[in-house]
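This report concerns the contacts between a protein and DNA. The sequence and structure are shown below.

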Amino acid sequence: MLTRVYEVLYAAYGAQHWWPARDGFEMTLGAILTQNTRWENVEKAIANMRSAGVTDAAALLTLDEAELQRLIRPAGFFRQKSRYLRCFAAHIVANYSGDVTRLLAGELLAARAELLSLPGIGPETADSMLLYGGGQAIFVIDAYTRRICARLGLTPPDADYATLQALFSAALPADAKLFNEYHALLVRHAKEFCTSRAPRCAAGCPLAQKIVACPGCFC
DNA sequence: CTCCGGGTAG
DNA sequence: CTACCCGGAG
């Protein structure tokens, strides 16, 4: 079922070129800034950071709290996100000489646990960093994934993170390139057809057209 | 104008 | 369950 969903989405939308970031540091910046916010707003904040010359963890730590908040303001939740960013950057500088890639490319489960121990980094943010920043084969679950799975009848609307992740892990080969592309396609599809309000099921939704109900089947 | 989507922490 | 924020939808 999930393999078929991938095939249909890929045929409909093609390759998505994710994650939109210049390097590992900028990727992790986006992962934290995009929590509960639309990507367009995150881009404004990242552009501000670039303009300010903040291109690595050490540079981020030279900003004072107020200045950092001003730069990331367009992404919302700027007070708590400024704290999260500073804690994350401090951890990277203290333990990895400021090189985020060294953490993200480390042994998967250990790196994931370490990320989760940091304030402001929950499962989705950690997994996004590991997949998109570290090239690791771990499937990212987000609200779009949850909504699409629920509407396909695969999971309850309130299925938790681990349940959804286990579903994808069991159905697919552990391949970072595939996981990367699949998640990007789900996001694309959620924005184009499977919107939260007024979904366009009858207006050419590729899944509505091609996926037959197959409850309980994870082929 | 109000309402809502969207991760994490407490 | 609520706080935290913005911008787009209705």
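The sections that follow describe the protein surface at each DNA strand in this predicted model.

## Surroundings of DNA strand B

DNA strand B has 19 residues around it, and Asn36, Gly120, Glu124, Thr125 and Tyr144 come nearest. Of the atoms of DNA strand B that come within 4 Å of the protein, 64% belong to sugar and phosphate. Sorted by class, the surface near DNA strand B comprises eight nonpolar, seven polar and four charged residues.

## Phosphate contacts of DNA strand B

The side chain of arginine 147 places an N or O atom 2.9 Å from a phosphate oxygen of DNA strand B. Backbone atoms also take part: a backbone N or O atom of glycine 122 is 3.0 Å from a phosphate oxygen of this strand, and a polar backbone atom of alanine 143 is 3.4 Å from a phosphate oxygen. Helix H6 (78–96), helix H9 (123–133) and helix H10 (143–151) are the elements that each contribute two or more residues to the surface near DNA strand B.

## Surroundings of DNA strand C

Around DNA strand C lie Asn41, Arg73, Pro74, Gly76, Phe77, Phe78, Arg79, Gln80 and Arg197. This surface has three nonpolar, three polar and three charged residues, and H6 supplies its largest share, three residues.

## Phosphate and base contacts of DNA strand C

Sugar or phosphate makes up 62% of the atoms of DNA strand C within 4 Å of the protein, and bases make up the rest. Polar side-chain atoms of two arginines face phosphate oxygens of DNA strand C, at 2.3 Å for arginine 79 and at 3.1 Å for arginine 73. Glutamine 80 instead has a polar side-chain atom 3.1 Å from a base oxygen of DNA strand C.

Technical notes
Residues are numbered from 1 along each chain as its sequence is written. Chains are lettered from A and ligands numbered from 1 in the order in which they are written. This is a predicted model: local features need pLDDT of at least 70, side-chain atom pairs count only at pLDDT 80 or more; totals for chains, interfaces and linings use all residues. Side-chain values use heavy atoms; hydrogens and water are left out. A residue is near a molecule or strand if one of its heavy atoms lies within 4 Å of it. A polar contact is a pair of N or O atoms within 3.5 Å; within protein, one must be able to donate a hydrogen and the other to accept it, and residues adjacent in sequence count only if both atoms are side-chain atoms. Helices (H or I, at least four residues) and strands (E, at least two) are DSSP runs, numbered from the N terminus. Ala, Val, Leu, Ile, Met, Phe, Trp, Tyr, Cys and Pro count as nonpolar, Asp, Glu, Lys and Arg as charged, and the others, Gly among them, as polar.
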